[in-house]
Amino acid sequence: MTRVVIVGAGKGGRALLEMIVGDPTVSIVGMADANAWAPGLELARRLNIPVATDFRELVQDPRVDLVIDVTGNPPVAAEIHRLKAPMTEVMGGASAKFMWDLLAERKRSEELEDRYSLMLRELQRQAEGDFIIGQNPKMKEVAELIARVAPTPTTVLIRGESGTGKELVARAIHRYSNLRDKPLVTVNCTALTASLMESELFGHKRGAFTGAVADKVGLFEKADNGTIFLDEIGDMPPEMQSKLLRVLQAGEIKSVGDAVTRKIRVRVIAATNRDLERALEGGEFRSDLFYRFNTFTIPLPPLRERSEDVPVLAYHFLRKAEAKVNKKVDRFSPEALDLLTRYPWPGNLRELENVIERSVVLASTREVGLAHLPLYLQDNGPHRLTTDDGFLEAKERAIAVFERAAVSRFLAEAGGNISLAAKRARITRRNFHRLLSKHSIKSKAYKTGNHQSQ
């Protein structure tokens with residue numbers, strides 16, 4: 001065991017004492033400072049460590065292995081070297097500062113590891129809102145990524161289909177960050193026109209344009225010292241992408257009509273359901289902005305790839321619907337739960353939640369049965385050939401099931417935008433409309449992820 005004397009009990013000495021007092025390989029013989037009420041001496045007294053206002057007696061003790069001088073005072077250093085026992089080592093000046101920094105870094109690493117473990121346990125137990133880990137390995141990896149990145153200032157990009165819970169992940173990151181007591185501002189980039197977006201994000205000065213009757217504070221300024229969540233960043237107009245890049249690179253914003261730029265400190269979390277690599281190839285998304293956002297990516301799996309979690313999610317949404325509708329419905333029939341588990345859920349969590357709320361409204365008992373689920377779910381069930389089925393009839397029915405599921409998925413990913421859905425499906429808008437009409441699918445329902453009208 002190394003026997004140590006600390007000379008100097010100011011803030012640096014106290015911090016050093018805090019760091020090494022719990023180390024089982026170190027025994028602190030004493031602490032000295034000319035100021036009897038120095039913060040380090042007060043701490044040493046509480047820890048029953050010998051203290052002194054004169055270091056000379058302590059450093060002359062032949063049992064001392066190491067004297068750490070944090071005073072930065074050359075005469076004190078010279079006196080320590082003159083009085084110390086022959087076998088005693090002295091660490092002072094740059095060496096003491098190096099040791100202090102090393103110990104501080106070790107303590108910081110330990111604190112981060114402890115905090116990571118705590119956050120991971122909390123995320124696995126119950127996260128904010130509807131963010132449920134379940135048993136799927138991909139979701140467990142998402143939880144680990146959240147726990148790792150949350151305490152850092154790193155920009156995060158969340159990728160996944162519409163309705164997979166990207167905003168819930170953003171809220172979880174903010175909740176477990178050092179900025180959790182600061183504002184979290186959310187922005188849906190698809191809800192703002194190109195002309196309105198700059199004013200909303202960066203604000204404007206009075207008279208900057210027609211209708212600007214007063215100064216307006218932008219959302220980035222409202223999020224200063226906090227977090228901003230930019231949802232559907234892949235749909236941001238090109239002219240806005242360059243302005244956003246300036247914020248990420250320089251931390252500066254400029255209101256519309258203002259000649260002055262202002263510094264801000266904002267953590268940016270973005271999300272998209274678009275294939276950004278394809279958007280890069282098509283010149284629809286800036287490569288420099290993509291690489292800024294792609295520093296740390298969290299991919300969210302669609303619900304069809306985590307079907308083992310559907311039962312726990314279904315019961316979670318059932319409890320929510322019970323409270324919202326104020327109706328006692330507390331279970332699913334085995335057949336209904338089996339169908340919910342097998343359905344591919346093109347609208348992901350949002351679609352599942354709305355289907356279950358609809359079922360609670362329709363249920364006449366405390367159980368959700370097959371009859372309470374939408375017909376399009378029931379049509380998606382397994383189709384077995386009967387004695388009345390022929391090859392052509394079975395084929396036609398299977399194609400119809402595929403068409404409906406595919407159209408629903410493209411509409412869900414496009415947020416109900418028919419032109420965008422047709423583009424992603426690589427068919428004409430006219431043909432897409434024909435499929436909507438054929439299967440009685442209403443695009444308006446997908447703008448909120450609600451399929452209840454079907």
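In this predicted model, Asn-225 is found in the loop that runs between helix H9 and strand E10 (227–231). The backbone here has a feature worth pausing on: Asn-225 is not a glycine, yet its phi is positive, near 70 degrees. Asn-225 is partly exposed, with a relative accessible area of 38%. A second asparagine offers a useful companion case. Asn-348 also has a positive phi, of about 60 degrees, without being a glycine. Its setting is helix H15, and Asn-348 is buried, with a relative accessible area of 1%.

With these two residues placed, the chain as a whole can be introduced. Its secondary structure comes to 20 helices and 16 strands. Of the 454 residues in the chain, 46% are buried. The chain exposes about 23500 Å², and carbon and sulfur atoms supply 52% of that area. Contacts reach far along the sequence: among those between residues at least 6 apart, 68% join residues at least 24 apart.

The strands give a good way into the fold. Strands of a sheet pair through backbone hydrogen bonds, in either a parallel or an antiparallel sense. Five strands of this chain form an open sheet with parallel pairing, and reading across it gives the order E3-E2-E1-E4-E5. Strand E3 (51–52) and strand E5 (89–92) are the edge strands, each pairing on one side only. Within the sheet, strand E1 (residues 2–7) runs parallel to strand E4 (residues 66–69), and four bridges join them. One position to look for is Val-7, which stands opposite Asp-69 in E4.

Another strand, E13, deserves a closer look. How many of the six residues of E13 are buried? Six of the six are, so E13 is largely enclosed by the rest of the structure. Arg-267, Ile-269 and Ala-271 point one way from E13, while Val-268, Ala-270 and Thr-272 point the other way, and all are buried. The partners of E13 include strand E6 (residues 156–159), which pairs with E13 in the parallel sense over four bridges. In this pairing, Leu-157 has Ala-270 of E13 as its bridge partner. E10 likewise pairs with E13 in the parallel sense, over four bridges, and Ile-228 stands opposite Val-268 in E13.

Thr-272 belongs to strand E13 (residues 267–272). Thr-272 is buried, with a relative accessible area of 1%. Its side chain reaches the backbone nitrogen of Arg-274 at 3.0 Å. Leaving aside residues up to four places away in sequence, Thr-272 touches Leu-157, Ile-158, Arg-159, Gly-160, Lys-166, Glu-232, Ile-233 and Gly-234.

Aromatic side chains provide the next set of landmarks. A pair of aromatic rings is described by the distance of the centres and the angle of the planes. The count comes to five aromatic pairs. In one of them, the rings of Phe-202 and Phe-220 have centres 5.5 Å apart and planes at 20 degrees, so this pair is stacked. The two residues link distant parts of the chain, 18 residues apart, with Phe-202 in helix H8 and Phe-220 in helix H9 (residues 219–222). Both Phe-202 and Phe-220 are buried.

The rings of Tyr-343 and Tyr-376 meet in another way: their centres lie 5.8 Å apart and their planes are at 65 degrees, so the pair is edge-to-face. Tyr-343 is in the loop between helix H14 (334–342) and helix H15 (348–362), whereas Tyr-376 is in helix H16 (residues 375–379), so the pair ties together parts 33 residues apart in sequence. Tyr-343 and Tyr-376 are both buried. Together with Trp-345, these two tyrosines form one aromatic cluster.

What lies over the face of Phe-55? Here the neighbour is Arg-56, at 5.2 Å from the ring centre.

The helix that carries Phe-202 completes the tour. Which residues of helix H8 (residues 194–202) are buried? They are Met-197, Ser-199, Leu-201 and Phe-202. Just after H8, Gly-203 takes a positive phi of about 85 degrees.

Conventions
Residues numbered from 1 in each chain as written. Predicted model: local features only at pLDDT ≥ 70, side-chain atom pairs only at ≥ 80, totals over all residues. Heavy atoms only, no water. Buried < 20%, exposed > 50% of the residue type's maximum accessible area, 1.4 Å probe, protein only. Phe/Tyr/Trp six-rings, centres within 6.5 Å; stacked < 30°, edge-to-face > 60°. Lys NZ or Arg CZ within 6 Å of the ring centre and 35° of its normal. Polar contact = N/O pair within 3.5 Å; in protein donor to acceptor, adjacent residues only side chain to side chain. Contact = heavy atoms within 4.5 Å. Areas by Shrake-Rupley, 256 points an atom, 1.4 Å probe, with all protein chains shown as cover. Pairing = 2+ DSSP bridges.
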